[in-house]
Amino acid sequence: MGCCVNSTALQDLGLPVDAAKPGSPMSGSKPPAPLAPDPALALAYSCVVLHTTKGFLRGDWGTFQAEAFYRPLPGDAVRTIRQLLIRALDIANYAEREGETVEAELLG
């Protein structure tokens, strides 16, 4: 079975076209995703995005309710999800006021 990655899509993402070639890191060397999501992962990865206790605005800044995850995320998955959402919602200043270090970078 051949590779099904569109070279134009790779270029749009800023990736080299040869990334779709067999043997490259993006060539599908991982095993295929399971057919059904893992409900335990969805439950484990659901979290409060940010809870503040200082300043004028206090409380929860939103919750992330995971619908489905097929594989575990590497590292501290909940922290990664929270960091990405904090940066995407542009509330990093409030997170830093609470003493949290936001390491996710804003892209685009």
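This report covers the fold, helix H3, the nonpolar cores, a cavity and three exposed residues of one protein chain.

The model is predicted: local features need pLDDT of at least 70, side-chain atom pairs count only at pLDDT 80 or more, and totals for chains, interfaces and linings use all residues. Residues are numbered from 1 along each chain as its sequence is written, and side-chain values use heavy atoms, with hydrogens and water left out.

**Overall fold**

The protein chain holds four helices and four strands. Both are DSSP runs, numbered from the N terminus: helices are H or I with at least four residues, strands are E with at least two. Along the sequence the pattern reads α-α-β-β-β-β-α-α. Of its 108 residues, 24% count as buried. Buried means under 20% relative accessible area, exposed over 50%, and partly exposed in between (1.4 Å probe, protein chains only). Contact means heavy atoms within 4.5 Å. Among contacts between residues at least 6 apart in sequence, 47% join residues at least 24 apart.

**Helix H3 and the loop after it**

Helix H3 spans residues 77-88, twelve residues. From first C-alpha to last it reaches 16 Å, close to the 16 Å expected at 1.5 Å a residue. The expected span is 1.5 Å times one less than the number of residues. Its buried residues are Ala77, Ile81, Arg82, Gln83 and Ile86. They pack against helix H2 (39-45), strand S1 (47-48), strand S4 (63-64) and helix H4 (92-97).

Asp90 sits in the loop between H3 and H4. Asp90 takes a positive phi of about 60° although it is not a glycine. Most residues other than glycine have a negative phi.

**Nonpolar cores**

A nonpolar core is a set of buried Ala, Val, Leu, Ile, Met, Phe, Trp, Tyr and Cys residues joined through side-chain atoms within 4.5 Å. The largest one has eight residues: Leu41, Ala42, Tyr45, Cys47, Ala66, Phe69, Ala77 and Ile81. H2 and H3 are the elements that give two or more residues to this core. H2 supplies the largest share, three residues. Apart from this core lies another, of seven residues, including Val49, Leu50, Ile86 and Val102.

Tyr45 belongs to the largest core. Leaving out residues up to four places away in sequence, Tyr45 touches Phe64, Ala66, Phe69, Pro72, Leu73, Ala77, Val78 and Ile81.

**Cavity**

A cavity is a set of points, on a 1 Å grid over the protein atoms alone, where a 1.4 Å probe fits but cannot get out; lining residues have an atom within 4 Å of a point. Points are joined across faces, edges and corners, and a volume is the space filled by probe spheres set on them. The count comes to one cavity of 30 Å³ or more. The largest cavity has a volume of about 30 Å³. Its lining is Thr52, Lys54, Leu57, Tyr94, Arg97 and Glu98. That lining divides into two nonpolar, one polar and three charged residues. Ala, Val, Leu, Ile, Met, Phe, Trp, Tyr, Cys and Pro count as nonpolar, Asp, Glu, Lys and Arg as charged, and the others, Gly among them, as polar.

**Exposed residues**

| Residue | Place | Relative accessible area |
|---|---|---|
| Leu43 | helix H2 | 67% |
| Asp90 | loop between H3 and H4 | 63% |
| Glu105 | segment after H4 | 66% |

Two of these have listed distances. Leu43 and Phe69 are 26 residues apart along the chain, with their C-alpha atoms separated by 9.4 Å. Glu105 and Gln83 are 22 residues apart in sequence and 9.1 Å apart in space, C-alpha to C-alpha.

Notes. 1 Å grid on protein atoms, 1.4 Å probe; cavity = no way out; pocket = protein on both sides within 12 Å on 5 of 7 lines; lining within 4 Å.
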